[in-house]
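User: I'm new to reading protein models, and I'd like a close look at one helix and how it sits in the rest of the protein. Could you walk me through it step by step?

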Amino acid sequence: EVALRKAKQLGRSRRYAFETDDAEFARLREDMRLSMELSVEIGDALERGEFEAFFQPLFRPSNGRIVGAEALARWRHPSRGLVSPAVFIPPLERSGAIVALDLAIFEQCCRFLRDRLDKGAVIVPLNCNFSRLHMRNDAFPETVKSIVDGFGVPIELLELELTENIVMEDLERAERLCRRLKDLGFRIAIDDFGSGYSSLGMLQNLPIDEVKIDQLFFHRDLSDFRNATVVYSMANIAKVLGLVVVCEGIETAEQVEFVKGIGCDIAQGFFFSRPVDEASFGKLLERARAHEPLTRSPLRKEDAR
């Protein structure tokens with residue numbers, strides 16, 4: 001069951017094998033056990049507002065400048081402390097409650113931006129993740145637009161992230177909803193790009209602005225010509241199509257130099273910053289104020305350079 005879940009996370013048509021003494025197997029098995037224990041508490045946790053947005057900064061690799069952040073859900077359990085998303089996301093997806101969580105995190109992002117706008121504080125655009133279940137709801141674009149309007153936040157400060165696998169489940173529906181989101185003024189990013197079985201040709205049809213190359217490509221040996229060529233090719237095709245290229249999971253100085261070399265526009269990963277809570281992220285932005293104005297609004301291709 002652990003291997004099945006891992007294979008599904010990697011994309012369609014995958015197989016995954018574990019040895020019983022694998023450290024990752026032990027960790028994932030413990031996550032599943034904890035997930036089962038906590039699944040009965042999750043609904044109440046949503047109502048009590050125990051889920052909160054953490055922010056992982058997005059950086060320009062050429063100069064280390066913050067140009068945005070991805071909002072990530074965290075569960076601050078009253079007795080267990082911070083609970084890993086690997087524990088609470090699967091049961092939320094199975095129950096459908098992930099829809100409510102996504103919208104709650106989106107509202108927190110809008111509230112955060114509104115508060116900083118009112119204070120005249122430094123702001124950067126925020127990327128927000130949405131589950132595949134939203135793609136089945138034709139009213140999704142209007143729902144998120146109404147939230148933005150309710151807080152009076154400039155829509156260019158919010159970017160919606162959809163994973164590659166979500167889009168490929170029903171490409172026609174995804175294209176229709178993406179066009180509606182674009183008409184309303186949202187920017188759209190394809191997350192985990194390259195992790196599934198999709199064709200690069202989908203980039204020609206989807207009205208998107210950004211591709212985030214999956215971190216698994218940067219955890220391979222990038223000194224190997226074939227590995228490096230695959231990443232370079234994905235980045236180059238995206239750039240030719242006028243898309244902003246984000247490289248995920250950057251953890252070492254060597255990876256930073258590699259993404260600089262392939263012309264990556266934006267980088268994200270532990271090398272720059274782990275996800276931090278709202279207060280810590282605000283302090284991070286204020287410390288950065290002294291160096292250079294932080295802006296990615298709107299994130300046009302010419303700005304990304």
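Analyst: Let's start with helix 4, which covers residues 98–119 of this predicted model. Does its length make sense? You can check that with a little arithmetic: helix 4 has 22 residues, and at 1.5 Å a residue they should span 32 Å. The end C-alpha atoms of helix 4 are 32 Å apart, so the expected span and the modelled one agree.

Next, which residues of helix 4 are buried? The list includes I98, L101, L103, I105, F106, F112 and L113. Try finding these on the structure in front of you. Also among the buried residues of helix 4 are D102, Q108, C109, C110 and R116.

Now pick out R114, which lies in helix 4 too. R114 has a relative accessibility of 25%, and because buried means under 20%, R114 counts as partly exposed. What does R114 touch, apart from its neighbours within four places in sequence? Its contacts are F151, G152 and V153. For a sense of distance, look across to V231: this residue is 117 residues along the chain from R114, and their C-alpha atoms are separated by 37 Å.

Just after helix 4 comes G120, and its phi is positive, near 70°. Most residues other than glycine have a negative phi. With that in mind, turn to D192, which is not a glycine and yet has a positive phi, near 55°. You will find D192 in strand 6, residues 187–193. With a relative accessible area of 25%, D192 is partly exposed.

Two more residues help to fill in the picture. R226 belongs to helix 9, residues 225–240. Is R226 buried or exposed? Its relative accessible area is 62%, and since exposed means over 50%, R226 is exposed. R226 and L160 are 66 residues apart in sequence, and their C-alpha atoms are 32 Å apart in space.

The other residue is E251, in the loop that runs between strand 8 (244–247) and helix 10 (253–261). E251 is partly exposed, with a relative accessible area of 39%. Leaving out residues up to four places away in sequence, E251 touches H219, F270 and F271. E251 and Q268 are 17 residues apart in sequence, and from C-alpha to C-alpha the distance between them is 8.6 Å.

Finally, step back to the whole protein. Its secondary structure comes to 12 helices and nine strands. For 305 residues, a compact globule would have a radius of gyration near 19 Å, and the protein has 19 Å, so the two agree. Its C-alpha atoms fill a box of roughly 50 × 50 × 40 Å along the principal axes. Of the 305 residues, 50% are buried. Among contacts with a separation of 6 or more, 69% are between residues 24 or more positions apart.

On the outside, the protein exposes about 14,600 Å², and carbon and sulfur atoms supply 50% of that area. As for charge, there are 42 positive and 49 negative charges, and their mean positions are 2 Å apart.

Conventions:
Residues numbered from 1 in each chain as written. Predicted model: local features only at pLDDT ≥ 70, side-chain atom pairs only at ≥ 80, totals over all residues. Heavy atoms only, no water. Helix = DSSP H or I, 4+ residues; strand = E, 2+ residues; numbered from the N terminus. Rg over C-alpha atoms; globule rule 2.2 N^0.38 Å. Buried < 20%, exposed > 50% of the residue type's maximum accessible area, 1.4 Å probe, protein only. Contact = heavy atoms within 4.5 Å. Areas by Shrake-Rupley, 256 points an atom, 1.4 Å probe, with all protein chains shown as cover. Lys, Arg positive; Asp, Glu negative; His and termini not counted. Charge placed at Lys NZ, Arg CZ, Asp CG, Glu CD. Expected span 1.5 Å × (residues − 1).
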